[in-house]
Amino acid sequence: MEHIGQYLKGTMDKGLVFRPDGSVNVDCYVDADFAGLWPYEDKQDPSCVKSRTGFAICISNCPVIWQSKLQHLIALSMMEAEYIVLSTSMKEVLPLIRLFRAIGRTIGLDDNVLATFKTTVWEDNAGALTLARLEPGRMTPRSKHYAIIYHWFCEHLRPNRIEVEKIE
């Protein structure tokens with residue numbers, strides 16, 4: 001704890017610069033590398049067939065959270081690897097939205113700014129986009145194992161003004 005206090009005291013003049021262009025938005029860019037280490041490392045090592053999760057979350061074009069790590073489970077397809085990234089990134093996006101709204105109310109942000117606040121998650125895999133947009137009861141037998149672990153975030157998409165959009 002003492003080290004954290006010393007760090008904060010020593011970096012008081014450092015910070016993130018937010019320059020919103022009229023509205024405040026949260027953008028999350030996600031991507032996965034399906035079994036990225038497999039041809040380069042030991043093919044018998046189970047960790048070499050794991051996909052890599054990567055995402056960056058920006059508030060008003062200022063990156064605030066980013067992550068790149070191996071996924072915990074082995075994805076069976078590129079679509080599944082991308083869907084895992086969507087689920088993982090939403091674990092960071094949802095608390096960030098709640099925090100931002102609370103801070104906005106506390107510091108007296110204009111209600112018009114909070115009303116136009118929107119969140120977009122940018123995904124490049126068409127299959128993951130289709131699956132994310134499905135209603136939970138519409139899962140197929142081939143995709144039901146995704147629903148058990150990763151489909152939890154879909155209930156937050158429309159009510160909280162979170163959009164999942166295609167990016168090239």
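Student: Which strands form a hairpin with 2 residues between them, and which residue in the turn has a positive phi?
Tutor: This is a predicted model. In it, strand 2 and strand 3 form the hairpin, with 2 residues between them. One residue in the turn has a positive phi of about 50°. That residue is Ser 60.

Student: How many bridges join strand 2 to strand 3?
Tutor: Strand 2 covers residues 52-59 and runs antiparallel to strand 3. Arg 52 stands opposite Leu 70 in strand 3. Ile 57 has Ile 65 as its bridge partner. The number of bridges joining these two strands is 8.

Student: Is strand 2 largely enclosed or largely open?
Tutor: Buried means under 20% relative accessible area. In strand 2, 6 of the 8 residues are buried, so the strand is largely enclosed by the rest of the structure.

Student: What is the strand order in the open sheet, and which are the edge strands?
Tutor: The sheet has 5 strands with mixed pairing, in the order 3-2-1-4-5. An edge strand pairs on one side only. The edge strands are strand 3 (62-70) and strand 5 (162-166).

Student: By what angle are neighbouring strands of this sheet turned against each other on average?
Tutor: Direction is ignored for this value. The average is 15°.

Student: Which residue in strand 2 does Tyr 29 stand opposite?
Tutor: Tyr 29 lies in strand 1 (residues 25-33). Strand 1 and strand 2 run antiparallel, joined by 8 bridges. Opposite Tyr 29 stands Ala 56.

Student: How is the aromatic pair of Tyr 29 and Trp 122 arranged?
Tutor: The structure holds 1 aromatic pair. Its rings are 6.4 Å apart, centre to centre, with 10° between the planes. Planes under 30 degrees apart count as stacked, so the Tyr 29 and Trp 122 pair is stacked.

Student: How many residues apart in sequence are the parts that this pair ties together?
Tutor: Tyr 29 is in strand 1, and Trp 122 is in strand 4 (residues 118-123). Tyr 29 is partly exposed at 34%, and Trp 122 is partly exposed at 23%. The parts tied together are 93 residues apart.

Student: At what angle do helix 2 and helix 4 pack, and what does that make helix 2 to helix 4?
Tutor: Helix 2 spans residues 78-106, and its axis is 8 Å from that of helix 4. Among the residues that meet are Met 79 and Leu 86 in helix 2, with Gly 127 and Leu 131 in helix 4. The crossing is right-handed. The angle is about 55°, which makes helix 2 oblique to helix 4.

Note on methods:
Residues are numbered from 1 along each chain as its sequence is written. This is a predicted model: local features need pLDDT of at least 70, side-chain atom pairs count only at pLDDT 80 or more; totals for chains, interfaces and linings use all residues. Side-chain values use heavy atoms; hydrogens and water are left out. Rings of Phe, Tyr and Trp (its six-membered ring) pair if their centres lie within 6.5 Å; planes under 30 degrees apart count as stacked, over 60 as edge-to-face and the rest as tilted. Helices (H or I, at least four residues) and strands (E, at least two) are DSSP runs, numbered from the N terminus. Buried means under 20% relative accessible area, exposed over 50%, partly exposed in between (1.4 Å probe, protein chains only). Two strands pair if DSSP finds at least two bridges between them. Axes are lines fitted to C-alpha atoms, for helices over the stretch in contact, and angles run from 0 to 180 degrees between N-to-C directions. Angles under 35 degrees count as roughly parallel, over 145 as roughly antiparallel, 65 to 115 as roughly perpendicular and the rest as oblique. A crossing is left-handed if the near helix is turned anticlockwise from the far one by less than a right angle, and right-handed if clockwise. Contact means heavy atoms within 4.5 Å.
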